[in-house]
Amino acid sequence: MQLDKNITLRPLDYKNELLTFYKSNHLDIALKKSIFYLEGNRTDIWLLNFVGAIHFKLSNYKNAISYYDKILELDDKHFDALNNKGLSLDKLGDFKQAINIFEKLLKFNYNKNYVVLNNLGVSLKNLGIIEKSIEVFKTSIELNPNYLNSYNNLGISYLEKNDLKNAEYYFNQGLLIKNDAPEIFNNLGKIYLIKKKYEKAYEFYLNSISLNENDISVWGNLAICLLEMDLFVYNKNQELLFLQILNKNVQVNPRNIALKGLQLLKLNPEFKNLINKEFPLGFKDLDSLKELANNKLFSRILEVAPISDLEIEKLLIEFRKFILLNLSKVMSLTKLLPFLISLAKQCFVNEYIFKVTENEEKLLLILVNNIKSKIKKGTYIDPFKISCIACYQKLYDFNIFKPEFFNSKIQSLVIEQIKNVQDEKEIEKNIYKVVNIKDKTSKLVKQQYEENPYPKWTEHIEPVSYNSLKNYLKKSGLRFDSDHLCNDYPKQILIAGCGTGKQAIDAALTFKNAEITAIDLSKASLSYAIRKSKEIGIRNINFMMCDINDIELLNRRFDIIECVGVLHHMENPFIGWKKLASILNDGGFMFIGLYSEIARRNISSMRKIIKKLKISPTKTNILKFRNDLIYNKNKRCKNFVNWSDFYNFSEFRDLLFHVQEHCFSISKIKSYIQRLGFIFSGFENDEAKIKFLMNNKNSDLFDLEKWKEFEINNKDIFCGMYQFWIQKIKDNPSE
Ligand SMILES: C[S@@+](CC[C@H](N)C(=O)[O-])C[C@H]1O[C@@H](n2cnc3c(N)ncnc32)[C@H](O)[C@@H]1O
């Protein structure tokens, strides 16, 4: 007998069942079940709306719209379908369409016009029509003076206008309606961050987090605030906050957070005592060392980024030495093991930049031989010993360790130092090569980056993604000729000289529907990039080996080309730049990063000394030179320890021992841009822009002559390179 599908497939209380899954965030189950029930009745409007809502929550806005459209085929005035379709279009960046829908909905005069007006205001604001959005939010508030969202959004529109007074007023009005609204506290925090009243901003962020600790963007704002705050007194709660921030994927550079966290720890007199031990360390210091090893924030800081602090570096060097020298006695102190693992991770992340004595080298050799014989006999290997070795050299290099030898205590170390390296070697075999590298300079540069891929990065921050190029350009404060825009969404993006892939992965996440091509000379860098992009789950990047000098062999054209920290390592940067410009679509954009002659003045003179002394760039020579700089009393030598590149081997090599390096001035850049037929769209260097505007009130951020003057008076402002955007206006550059 054939049963009636409607009756058999859908339980009576299906709405409750589905809502329970939805509310408990089991969206995949809710989606499967509701689609199953829809099979029974394809015109169930409640179900269609529900499936749309799940897709919306999963950020699948196109799918969401397809369900709302099904409802609209049945009832073209359906409130929820129209309203939710408008919201989905807004999320897709199609603000104009969203506005059309909300305006249409207003005409139907449902009793929820205050909601529609609020949504209309948001799309207007997103489209940059701020004044109108303010008017619309105010009308929404007139219709329903208790509607919190409109107060909050009205405040945000005033924030966009930089009208902090009104923004604060409306956020506070929102708090009168609901005094525990985390989003309002977050926005008040933003106001005080802009006002540079960091203590107050900090309080607002803490309030917001105490009401909802799951909003990652608030944690990010709190991190930005902590970075700006002057920390004078140690505070245990702040220590916990730093730890939580480092354990979350906030959109702030973990290296900066780690450094600031370290600053805080050093304010703790107990911690200060621990790090101010007299060297060499002995058993008399054991209790202090155990306590140091117990500090969770300190361990975490060691894992995320190279420690840019010489005082701590010296302590860690001594700690490592103490462990190796007294291994048999300290091995029973199992509480030290997690810290030793963190230290091994620090050494791996700084690429073994710490000084090693001859005695340590000898002891290490004995230890490695001892383990080799244990491996042969198949006897137990203590994780303490392995972690100790991993503090001196990555485990993969010994060629004797297999991941399966080790127990779970050191699994993360084994993955990092053996498995990932093995994976990269495998990946390297299959990297697509466009052509053999022929250029003499490119060959030398390739060799350097095969030995030392740059930059070695671990933690990743997910950037904001964009659905339209215009929105991206506007949000980034870039100048562009909109009549001349290549595509409203960049389809093809080239990352020229992608190194270890961070830049390409950021581009792939910023423009999720673009196809990214990422080229580099170094297969070792490319394989690192490919492994990391797989780890993060990126699918829209094609990595390949290619020289910018041969870029025409790609036979492709691009809407955006990014080339940061690369052209200045070519024999003739202008030829490279011009070649890239020739494969950029008309109206397209380039993002360029170049060394500044002024900011690198000390580096250039030190490079000359290195050249004169004929110091070849071997690992031993580079490390010895670095150590000499640390102990040199000369003020100019001391300056180098302030560069963050001083604390990681590849970065240090890049800083002072690069095989090829050119430096640029703003005048030179200006003339290149003109010769290529581009317009200057703006610098990316945020700090420089803020300082520039403070010094040049009402001045034009795109006036390179003004920037030239500004740099002369602020010589270190571009120490992290000139990073700027340019737009191609003419297809036939003058020579
Ligand atoms: C300092 S790294 C910068 C990496 C990346 N752009 C970033 O900002 O993180 C320079 C990279 O440019 C690559 N490179 C240098 N000259 C190149 C050329 N002629 N063609 C392709 N890549 C090149 C190097 O192999 C190296 O990986």
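Helix H12 passes helix H13 in a left-handed crossing, a term that applies when the near helix is turned anticlockwise from the far one by less than a right angle. This is a predicted model, in which local features need pLDDT of at least 70 and side-chain atom pairs count only at pLDDT 80 or more, whereas totals for chains, interfaces and linings use all residues. Residues are numbered from 1 along each chain as its sequence is written.

The axes of H12 and H13 (residues 198–211) come within 8 Å and cross at roughly 165°, and the two helices are therefore roughly antiparallel to each other, the word used for angles over 145 degrees. Among the residues of H12 that meet H13 are Phe-185, Leu-188 and Tyr-192, and the H13 side of this interface includes Ala-201, Phe-204 and Leu-211.

H12 (182–194), together with helix H10 (148–160), is also included in what covers the buried residues of helix H11, where contact requires C-beta atoms, placed from the backbone, within 7 Å. Those buried residues are Ala-167, Tyr-170, Phe-171 and Gly-174, buried standing for 20 or more other C-beta atoms within 10 Å of a residue's own and exposed for 12 or fewer. Because they cover an arc of only 100° around the axis, they fall on the same side of H11, while Lys-165 and Leu-176 are exposed on the other side.

Elsewhere, Cys-498 occupies the loop between strand E2 (492–496) and helix H28 (502–510), and Cys-498 is buried, with 28 other C-beta atoms within 10 Å. Leaving aside residues up to four places away in sequence, Cys-498 touches Gln-503, Ala-504, Ala-518, Ile-519, Asp-520 and Ala-529.

Note on methods:
Helices (H or I, at least four residues) and strands (E, at least two) are DSSP runs, numbered from the N terminus. The arc is that of the directions from the helix axis to the C-beta atoms. Two residues are in contact if their C-beta atoms, placed from the backbone, lie within 7 Å. Axes are lines fitted to C-alpha atoms, for helices over the stretch in contact, and angles run from 0 to 180 degrees between N-to-C directions. Angles under 35 degrees count as roughly parallel, over 145 as roughly antiparallel, 65 to 115 as roughly perpendicular and the rest as oblique.
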